[in-house]
Amino acid sequence: SSLVTPDYLARLNPEQRAAVETLDGPLLVLAGAGTGKTRVLTTRFAHILMEGRARPWQVLAVTFTNKAAREMRERVAAILGQPAEGLWLGTFHALCARMLRRHAELVGLKSDFTILDTDDQNRVLKQITQDAGLDTKRWPLPGLMAIIQRWKDRGLTPERVTPAEDTDFANNRALEFYAYYQARLRQLNVVDFGDLLLLVTEILRTHPDVLAQYHRMFRYILVDEYQDTNLVQYLWLRLLAQREDPAERNICCVGDDDQSIYSWRGAEIENILRFEKDFPGAKIVRLESNYRSTSHILGAASGLIARNEGRLGKTLRPGRENNAGAKVQVASLWDSEEEARMVGERIEQARRDGQDLSEVAILVRAGFQTRSFEERLITIGIPYRVVGGAKFYERAEIRDAMAYFRATVQPADDLAFERIVNLPKRGLGDTAIREMQRLAREREVPLSIAASLLCESDAIRPRPRAALRELLEGFSRWRATLESEGHIVGASAILDESGYTEMWKQDKSPEAPGRLENLKELLRAMGDFPTMQAFLEHVALVMENDERAEGARVSLMTLHAAKGLEFEMVFLPGWEEGLFPHQRALDESGNKGLEEERRLAYVGITRAKQVAVISHAANRRIYGNWTSSIPSRFLDELPADHVERVGERQSARAPASVFSGQFGLSTRPARLVEAPAWEVQQRPARTGGMAVGQRVFHQKFGYGRVTAVDDDKLDIAFEKAGPKRVLDRFVEPA
Ligand code: ATP
Ligand code: MG
């Protein structure tokens with residue numbers, strides 16, 4: 001190396017530098033959040049190239065997300081001063097997909113194989129189960145697929161599964177089905193997501209020539225977020241890293257056992273321990289200076305994670321002097337609306353103070369929580385994005401549910417009807433659907449009318465006909481329920497009696513519980529409105545709030561999606577027992593689940609550079625009823641020295657009383673002292689239209705001026721939310 005220290009090395013501390021410059025042999029960097037693990041990995045990549053140790057395509061670099069891969073590519077390019085081409089840099093899945101294309105024929109595929117997305121997979125599965133004669137009534141598919149996925153996560157092809165492992169399901173027929181499923185996918189020239197790692201690992205295991213080829217190619221292997229690798233990923237890495245000459249086993253993994261948060265997807269923290277065994281003589285580097293967060297944030301996070309028992313243990317101290325910063329704030333709010341309002345006010349204030357919104361994040365435990373924050377941000381005109389998922393009202397299950405509601409209230413809504421007519425599956429084949437559409441066109445009637453005509457004819461077979469009749473009867477019954485029992489009872493009847501909720505209850509995929517929570521949240525949101533119609537209009541308004549706004553946005557995401565990221569200002573709402581820690585973790589025996597929740601809390605707090613605001617609501621409304629919730633135990637576990645309680649309720653653990661408590665962060669009194677939301681929103685009917693140029697107030701977007709009038713729609717330039725087209729009934733003169 002040269003005599004002058006290159007700039008990129010000078011920016012590292014001595015331990016980081018050692019990790020970058022120790023190029024030969026296996027290396028494990030084990031260090032807490034924000035200590036520069038990812039920076040080390042990126043710099044190491046550049047250093048390898050600068051030192052001429054390898055060409056860009058001779059380094060294999062694994063990141064946890066595509067976003068992280070992009071960032072690493074950019075950082076390497078910045079250090080090199082030129083774009084880095086032809087890199088083997090990406091997620092496990094992306095890298096394996098590329099490898100599998102090169103060797104597809106070795107596992108009976110053509111190189112143009114298709115990777116199934118979830119929808120395709122369900123279609124293919126249906127076909128395969130039919131062919132296999134599997135009784136899916138008795139043996140629901142989701143459970144079966146979960147077993148298969150677990151086998152794949154452990155690198156087990158059907159041939160490698162032992163009969164002893166085939167005991168859970170369908171009279172020990174899961175293995176038989178697995179073998180059949182795999183064979184059929186090969187015939188169709190398709191793979192599912194789990195196959196990518198499984199098949200490549202199998203190729204490397206059974207084709208020494210192929211493995212040798214990669215051994216020659218990959219001189220260096222770099223792995224980020226190592227603590228969250230599962231077994232098959234580990235096997236894949238180990239195969240690639242175990243070159244013949246132990247001195248050439250240049251694998252560098254960076255990770256933090258305290259940030260292992262994916263055990264529910266098969267991640268095995270033991271992989272960290274296994275590393276030293278599989279790579280004898282591995283060097284271990286520890287980084288202890290945190291460069292990300294102020295010392296109060298760090299102190300709070302460290303104190304919390306210290307409660308976990310199964311830890312490798314490490315020190316974490318501030319990387320800079322005099323960087324105490326503000327204490328971590330803990331805010332107690334009345335309910336989730338109040339919580340969303342507090343967060344919104346804080347963000348508005350920060351924006352006024354010049355805060356870049358791309359440095360602001362709201363991190364939630366469960367996806368459904370984004371709803372109240374999204375609505376609040378729309379109201380006050382703060383642009384946002386939902387990272388790693390869809391916006392609340394754009395999620396598939398929410399769109400499905402809304403389609404049910406619309407089809408109930410507005411029988412002529414063909415789009416809605418079409419979306420749910422065979423969802424869940426009611427045995428309506430393509431023929432029946434085509435026949436219905438044809439009839440609708442021919443008679444010029446809505447699909448729902450065509451459907452009832454079909455029920456009277458024998459154009460379709462008896463079974464689908466009966467199913468259709470049942471659905472149509474459902475619609476008239478649900479309309480009556482909406483009338484007599486109100487929209488909330490009506491809505492839950494629709495979702496339950498249609499079989500829609502049940503469909504997700506049967507689904508054993510990891511996403512299904514989250515979808516059910518979203519549906520509950522939808523019913524909760526409905527409680528803010530007097531009727532179904534008003535709610536449907538409200539959602540139309542929210543959806544209308546499109547993405548034209550450019551520039552910086554607040555990020556909303558789950559804690560899981562936030563791993564590896566950092567922000568100036570982080571909000572951590574919903575710290576309540578049952579929500580965070582999540583009920584599923586509390587229901588588990590032992591404390592494994594709870595400890596993983598605590599690691600998730602640690603990940604959350606350590607995303608913050610300057611400001612961390614944790615909050616909890618004392619009440620949640622469920623189906624129109626209020627229930628009080630208990631503050632998360634994690635709040636009590638935060639070391640007092642680093643925490644400032646703002647807006648403390650008098651008796652945080654006692655059932656909340658409407659009139660007690662102070663809400664330091666909010667200028668308003670407790671929510672229930674006000675009139676219920678819908679009373680506020682029901683304003684006297686307007687007389688006379690709005691004129692262009694008039695100043696108006698809109699319930700969601702605030703003040704603005706009318707720029708155009710089009711029947712019942714107004715174009716308004718809102719002072720905060722920008723230009724929008726809205727329905728005039730939500731607007732009144734200001
Ligand atoms: P996580 O565990 O959350 O993934 P990490 O260990 O990967 O964190 P990085 O994201 O690499 O940490 O670094 C955290 C922050 O500290 C980044 O903004 C990074 O640029 C900065 N940083 C890292 N090392 C140094 C250093 N030696 N001097 C100044 N800043 C540093
Ligand atoms: Mg990192």
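# Exercises on a five-domain predicted model

The chain is divided into domain 1 (7-99 + 199-287), domain 2 (116-188), domain 3 (327-383 + 549-678), domain 4 (394-539) and domain 5 (684-733); these bounds come from an automatic or database domain assignment. This is a predicted model: local features need pLDDT of at least 70, side-chain atom pairs count only at pLDDT 80 or more, and totals for chains, interfaces and linings use all residues. Residues are numbered from 1 along each chain as its sequence is written, with chains lettered from A and ligands numbered from 1 in the order in which they are written.

**Exercise 1. Describe the contact between domain 3 and domain 5.**

Step 1. Count the residues. Domain 3 gives five and domain 5 gives six. Two residues are in contact if their C-beta atoms, placed from the backbone, lie within 7 Å.

Step 2. Sort the domain 3 side by class. Three residues are nonpolar, two are polar and none is charged. Here Ala, Val, Leu, Ile, Met, Phe, Trp, Tyr, Cys and Pro count as nonpolar, Asp, Glu, Lys and Arg as charged, and the others, Gly among them, as polar.

**Exercise 2. Characterise the shell around ligand 1.**

Step 1. Find the nearest residues. Of the 19 residues around ligand 1, Gly36, Lys37, Thr38, Arg39 and Tyr291 come nearest. A residue is near a molecule if its C-beta atom, placed from the backbone, lies within 6 Å of it.

Step 2. Sort by class. The shell holds four nonpolar, nine polar and six charged residues.

Step 3. Assign the sources. Domain 1 and domain 3 each supply at least three residues. Helix α3 (residues 37-50) gives the most, with three residues. Helices (H or I, at least four residues) and strands (E, at least two) are DSSP runs, numbered from the N terminus.

Step 4. Check the record. An unreviewed UniProt entry lists Ala31, Gly32, Ala33, Gly34, Thr35, Gly36, Lys37 and Thr38 under "binding site". UniProt positions are given in the numbering used here, feature names are shortened, and annotations may be inferred rather than shown by experiment.

**Exercise 3. Explain why Gly36 and Lys37 count as buried, and why Val161 counts as partly exposed.**

Step 1. Set the cut-offs. A residue is buried if 20 or more other C-beta atoms lie within 10 Å of its own, exposed if 12 or fewer, and partly exposed in between; C-beta atoms are placed from the backbone.

Step 2. Take Gly36, in the loop between β1 (27-31) and α3. Gly36 is buried because it has 24 C-beta neighbours inside 10 Å. Beyond four places in sequence, Gly36 contacts Gln16, Leu287 and Tyr291.

Step 3. Take Lys37, in helix α3. Lys37 has 26 such neighbours inside 10 Å, so it counts as buried. Setting aside residues up to four places away, Lys37 touches Val29, Ala31, Val254 and Leu287.

Step 4. Take Val161, in the loop between α7 (141-153) and α8 (174-187). Val161 has 18 C-beta neighbours inside 10 Å, so it is partly exposed.

**Exercise 4. Examine helices α20 and α15.**

Step 1. Check the span of α20 (residues 462-485). Its 24 residues reach 33 Å from first C-alpha to last, close to the 34 Å expected at 1.5 Å a residue. The expected span is 1.5 Å times one less than the number of residues.

Step 2. Locate burial. In α20, the buried residues are Pro464, Arg465, Leu468, Leu471, Phe475, Trp478 and Leu482. Helix α15 (residues 370-380) is mostly covered, with 10 of its 11 residues buried.

Step 3. Look just past each helix. Gly486 follows α20 with a positive phi of about 95 degrees. Gly381 follows α15 with a positive phi of about 75 degrees.
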